[in-house]
Amino acid sequence: MSSTIVAMAHTADPGFVPPGIGDFNYPPIFPGTAVEWVTKPLLASVLAAVLVFVFFTVGARKRALVPGRFQFAVESTYTFIRNGVARDVIGHGFEKYVPFLVTVFAFIAVNNLFGIIPLIQFPTLARFGFPLMLAICSWLVYLGIGIRRAGFFGYFKSVMFPPGLPVFIYPLLAPIELLQVLVVRPFSLALRLTANMFAGHILLLLFTLGGTYMLTNENLVLKVLAPFSLAGAIGLTSFEAFIEVLQAYIFTLLTALYIAEAMSEEH
Amino acid sequence: MDPQKFTLAGPLVYAIAAVGPGIGIGLIFAAYVSGVARQPEANNILRPIAFLGFALVEILALIGLVFAFL
């Protein structure tokens with residue numbers, strides 16, 4: 001009896017099921033083995049690391065005076081971050097942090113662009129764990145820079161008690177600033193990246209799944225309207241490409257800003 | 001949340017959360033555009049500032065998005 005109900009529930013048309021959080025949970029690739037934790041996002045992030053490594057290693061090998069196409073692509077990526085982010089935001093003494101910023105930018109950009117590359121089509125950083133580790137990396141970097149500059153207590157004193165304010169403000173300001181530096185910054189970095197990629201992926205899923213559902217429906221009106229949904233998906237794909245690179249830029253920009261703030265003497 | 005169940009509460013949370021950041025991002029880019037229109041050579045100085053403000057405002061809408069799915 002119960003099995004027939006289950007069978008009926010499966011055969012009955014459940015209507016359109018909107019994409020949700022469940023679409024971000026991938027099953028293990030090797031179930032039942034010791035490497036059960038290997039999933040598609042994990043492999044994609046490893047592939048991204050390899051791609052970034054190959055891109056910069058091969059591009060920097062020749063170092064021709066007149067660059068070819070590939071070398072030009074590598075050099076303009078590097079120059080964009082070096083001049084547009086590191087030099088303009090950090091200012092004096094920025095050279096030390098250029099490699100970190102370029103690596104972060106390239107890794108995030110490649111991982112995000114996986115969201116629209118066929119066969120992968122999953123933005124790895126939509127899983128909260130990946131951007132959280134990246135945010136912790138930049139958290140450690142800016143805390144390390146600040147502590148090395150002013151010492152442990154000196155740094156936190158300069159964060160919590162910026163000079164030049166009336167005394168009665170400090171009880172209010174000090175906990176907020178401490179929370180800001182220790183918790184809010186890494187979490188907002190990670191959350192911004194995750195939520196952007198998550199929302200973009202959901203949007204693409206909604207348009208493509210919805211378009212497919214409308215196309216396969218018997219209703220003629222839905223069939224006629226389906227191409228618009230699919231065309232919307234194509235348009236949104238290029239919009240996503242823009243958002244994905246923009247988010248990588250914003251992550252790098254904010255990291256550079258936090259580094260600059262930790263480096264400066266005044267708060 | 002049950003992934004199969006679709007309620008209107010989540011979308012409404014995000015809809016309300018998107019109002020303020022929508023206005024804020026509009027103001028930021030309006031100021032950026034008029035700044036560049038007045039002084040095109042200031043584009044490189046204004047761009048990081050504009051995107052910084054954009055990122056700080058956008059996070060509010062994104063927190064709303066996360067709460068919509070919780």
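The following paragraphs describe the nonpolar core, the helix packing, the contact between the chains and several individual residues in a predicted model of chains A and B.

The largest nonpolar core of the model comprises 50 residues, and those with the most contacts inside it are A:A86, A:L101, A:F105, A:I108 and A:A256. Two or more residues of this core are given by each of α2 (40-62), α3 (69-90), α4 (98-113), α5 (129-150), α7 (170-216) and α8 (220-263) of chain A, and also by α2 (43-69) of chain B. The largest share, eleven residues, is that of α8(A). For A:L101, once residues up to four places away in sequence are left out of account, the contacts are with A:I81, A:V85, A:A86, A:T252, A:T255 and A:A256; A:A86 and A:A256 in this group are themselves listed, like A:L101, with the residues that have the most contacts inside the core.

Within chain A, the packing of α5(A) against α7(A) was examined in detail. The axes of these two helices come within 8 Å and cross at roughly 145 degrees, and the crossing is right-handed. On the side of α5(A), the contact is made by A:P131, A:L132, A:A135, A:I136, A:S138 and A:W139, which meet A:R185, A:P186, A:L189, A:A190, A:L193 and A:T194 of α7(A). By residue class, the contact divides into nine nonpolar residues, two polar residues and one charged residue.

A:R185, one of the residues that α7(A) brings to this contact, merits separate description. It is found in helix α7 of chain A and counts as buried because it has 21 C-beta neighbours inside 10 Å, where 20 or more are required. Apart from its neighbours within four places in sequence, A:R185 is in contact with A:W139, A:Q180 and A:Y258. The C-alpha atom of A:R185 is separated by 19 Å from that of A:Y97, a residue 88 places away along the chain.

Between the chains, 18 residues of chain A are in contact with 14 residues of chain B. On the chain A side, the elements that give two or more residues are α3, α7 and α8, and the largest share, six residues, comes from α7(A). This side of chain A consists of twelve nonpolar, four polar and two charged residues.

The contact of α7(A) with α2(B) forms part of this description. The two helices pack at an angle of about 65 degrees with their axes 9 Å apart, and their crossing is left-handed. In α7(A), the residues concerned are A:S188, A:L191, A:R192, A:A195, A:N196 and A:A199, and these meet B:A55, B:E58, B:I59, B:L62, B:I63, B:L65 and B:V66 in α2(B). The residues of this contact divide into nine nonpolar, two polar and two charged.

For chain B, the annotation in an unreviewed UniProt entry assigns "transmembrane region" to residues 12-33 and 45-69. In the model, residues 12-33 of chain B are 100% helix and 0% strand, with end C-alpha atoms 31 Å apart, while residues 45-69 of chain B are likewise 100% helix and 0% strand, with end C-alpha atoms 37 Å apart. The unreviewed UniProt entry also annotates residues 12-70 of chain B as "domain: V-ATPase proteolipid subunit C-like". Over that span the chain is 92% helix and 0% strand, and its end C-alpha atoms lie 13 Å apart.

Two residues of chain A other than glycine have positive phi values and lie in loops. A:R63, placed in the loop between α2 and α3 of chain A, has a phi near 50 degrees; this residue is exposed, since 9 other C-beta atoms lie within 10 Å and the limit for exposure is 12 or fewer. A:L119, which lies in the loop between α4 and α5 of chain A, has a phi of about 80 degrees, and it is likewise exposed, with 6 other C-beta atoms within 10 Å.

A:F242, by contrast, lies in a helix, α8 of chain A. This residue is exposed, with 9 other C-beta atoms within 10 Å. The C-alpha atoms of A:F242 and A:A190, which are 52 residues apart along the chain, are separated by 19 Å; A:A190 is among the residues of α7(A) that meet α5(A).

Notes. Residues numbered from 1 in each chain as written. Chains lettered and ligands numbered in written order. Predicted model: local features only at pLDDT ≥ 70, side-chain atom pairs only at ≥ 80, totals over all residues. Core = buried A, V, L, I, M, F, W, Y, C linked by C-beta atoms within 7 Å. Helix = DSSP H or I, 4+ residues; strand = E, 2+ residues; numbered from the N terminus. Contact = placed C-beta atoms within 7 Å. UniProt positions renumbered as here; feature names shortened; annotations may be inferred. Nonpolar A, V, L, I, M, F, W, Y, C, P; charged D, E, K, R; others polar. Axes fitted to C-alpha atoms, helices over the stretch in contact; angles between N-to-C directions. Left-handed = near helix turned anticlockwise from the far one by under 90°.
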